[in-house]
Amino acid sequence: MKYKVKTNWENAVISATIKGFPSACKLTELSQAQLAILFEASHPGVEKVEDEKQKNSGK
Amino acid sequence: MAIAKYSKTCGKNVPGNSRLFFVEAGNISSITVTSNNEISAVTMSGTDTTKFREFGADIDSIKFTIEGTGSASYSEVQKLEAKFSKKTTALITAKNSLLDAVACGVAIIRVDNNGNAWLSGYTVKDKNRRAYNKITTNFDTGAKPSDEGTAAYTITLEAEGFDDELPFDPTLNASIIGGAATFIDYN
């Protein structure tokens with residue numbers, strides 16, 4: 001699974017105390033692993049998307 | 001550096017606050033702010049017990065103040081004062097939990113009488129390192145039944161920093177006011 005920042009959240013800035021997170025930065029600057037952490041924490045600006053590989057393997 | 005413009009908007013202003021929520025600042029794992037500097041998301045670490053907890057203060061007793069001063073540098077002292085009555089074991093337990101939390105820093109959400117919620121004790125730049133870390137408590141029984149305003153705990157939390165409180169965006173503000181914010185444990 002891949003994670004992406006939802007539309008209208010591209011300019012949002014996150015300030016997190018989570019280990020490994022950078023100082024205040026845009027959501028779009030976070031890695032997939034960091035977006036996954038936010039998704040698991042029910043962050044409203046992050047969503048899960050099916051990646052191409054998985055989509056194709058399902059066909 | 002250019003000074004920002006400020007246009008006054010017409011509309012009544014209602015002083016005072018209606019609701020109060022406390023959390024150990026370390027329990028906030030992140031806040032996300034919009035380009036308008038409004039909070040659009042709050043995530044918490046841990047389980048349900050680490051959410052913001054509501055403290056039911058006496059009506060019209062919650063007061064938030066800022067005293068800022070500076071020249072080449074600037075700092076401000078933020079104080080949140082509220083009154084709680086009557087004295088019960090539940091109130092003593094709640095007060096004691098706040099005393100423990102202050103040692104590591106407390107963040108506060110208050111809802112003002114204009115219908116806006118505000119976060120202090122956690123900032124974008126300093127995160128939880130400028131949380132409320134001082135507390136004073138005061139209790140006076142009063143002498144007779146007509147001693148209005150007595151027989152209540154007055155609890156004051158204090159923080160020193162340089163950033164103002166942060167408001168919430170309209171969606172999250174409505175969620176907080178409506179009792180649906182997932183990061184708050186309501187009464």
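Two strands are taken to pair if DSSP finds at least two bridges between them. With that convention in hand, Ala16(A) can be placed opposite Ser30(B), a residue of strand β2(B). The model is a predicted one, and it scores ipTM 0.86 and pTM 0.92.

**Confidence**

Chain B has a mean pLDDT of 95, with 99% of its residues reaching 70 or more, while chain A averages a pLDDT of 89, with 86% of the residues scoring at least 70. Within chain A, the element with the highest mean pLDDT is β2(A), at 96, and the element with the lowest is helix α2 (residues 52–57), at 65. Where pLDDT is low, the predicted coordinates should not be read in detail.

**The contact between the chains**

Chain A and chain B each bring 16 residues to the contact. On the side of chain B that touches chain A, β2 (28–33) and β3 (39–44) each supply at least two residues, and the largest share, six residues, comes from β2(B). By character, the residues on this side of chain B divide into five nonpolar, nine polar and two charged.

Strand β2 of chain A, residues 13–16, is joined to β2(B) by four bridges, and the two strands run antiparallel. Three of the residue pairs across this junction, and one pair from the neighbouring junction within chain B, are set out below.

| Residue | Opposite residue | Strand of the opposite residue |
|---|---|---|
| Val13(A) | Val33(B) | β2(B) |
| Ile14(A) | Thr32(B) | β2(B) |
| Ala16(A) | Ser30(B) | β2(B) |
| Val33(B) | Ile39(B) | β3(B) |

Val33(B) thus appears twice, being the bridge partner of Val13(A) and also standing opposite Ile39(B) in β3(B). The pairing of β2(B) with β3(B) is antiparallel and rests on five bridges. In the hairpin that these two strands form, five residues lie between the strands, and Asn37(B) takes a positive phi near 60°.

Taken together, the strands make an open sheet of four, in the order β3(A)-β2(A)-β2(B)-β3(B), with antiparallel pairing. The edges are held by β3 (25–26) of chain A and β3 of chain B, each of which has a single partner strand, so one side of each is left without a neighbour in the sheet. As for β2(B), six of its six residues are buried, and the strand is mostly covered.

**Chain A**

Chain A contains two helices and four strands, and its elements run β-β-β-α-β-α from the N terminus on. Of its 59 residues, 27% are buried. Among the contacts in chain A with a separation of 6 or more, 51% are made by residues 24 or more positions apart.

Helix α1 of chain A, residues 32–40, has a buried side made up of Gln34(A), Leu35(A), Ile37(A) and Leu38(A). These residues cover an arc of only 155° around the axis, which puts them on the same side of α1(A). An α-helix has 3.6 residues a turn, so residues three or four places apart point the same way. The face turned away from the buried side of α1(A) carries the exposed residues Gln32(A), Ala33(A) and Glu40(A).

The cover over the buried residues of α1(A) comes from both chains, since it includes β1 (2–5) and β4 (46–49) of chain A together with β3 of chain B. Strand β3(B) therefore has a part in this cover, besides being an edge strand of the four-stranded sheet. After α1(A) comes Ser42(A), whose phi is positive, near 60°.

**The largest nonpolar core**

The largest nonpolar core has 52 residues, and those that touch the most other members are Phe21(B), Val23(B), Val106(B), Ala107(B) and Ile108(B). Strand β10 of chain B, residues 152–161, gives the most to this core, with five residues. Leaving aside residues up to four places away in sequence, Val23(B) touches Ile28(B), Lys51(B), Phe52(B), Arg53(B), Val106(B) and Ala107(B). In soluble globular proteins, nonpolar side chains tend to be buried together.

Methods:
Residues are numbered from 1 along each chain as its sequence is written. Chains are lettered from A and ligands numbered from 1 in the order in which they are written. This is a predicted model: local features need pLDDT of at least 70, side-chain atom pairs count only at pLDDT 80 or more; totals for chains, interfaces and linings use all residues. Two residues are in contact if their C-beta atoms, placed from the backbone, lie within 7 Å. Ala, Val, Leu, Ile, Met, Phe, Trp, Tyr, Cys and Pro count as nonpolar, Asp, Glu, Lys and Arg as charged, and the others, Gly among them, as polar. A residue is buried if 20 or more other C-beta atoms lie within 10 Å of its own, exposed if 12 or fewer, and partly exposed in between; C-beta atoms are placed from the backbone. The arc is that of the directions from the helix axis to the C-beta atoms. pLDDT is the predictor's confidence in each residue, from 0 to 100. A nonpolar core is a set of buried Ala, Val, Leu, Ile, Met, Phe, Trp, Tyr and Cys residues joined through C-beta atoms within 7 Å.
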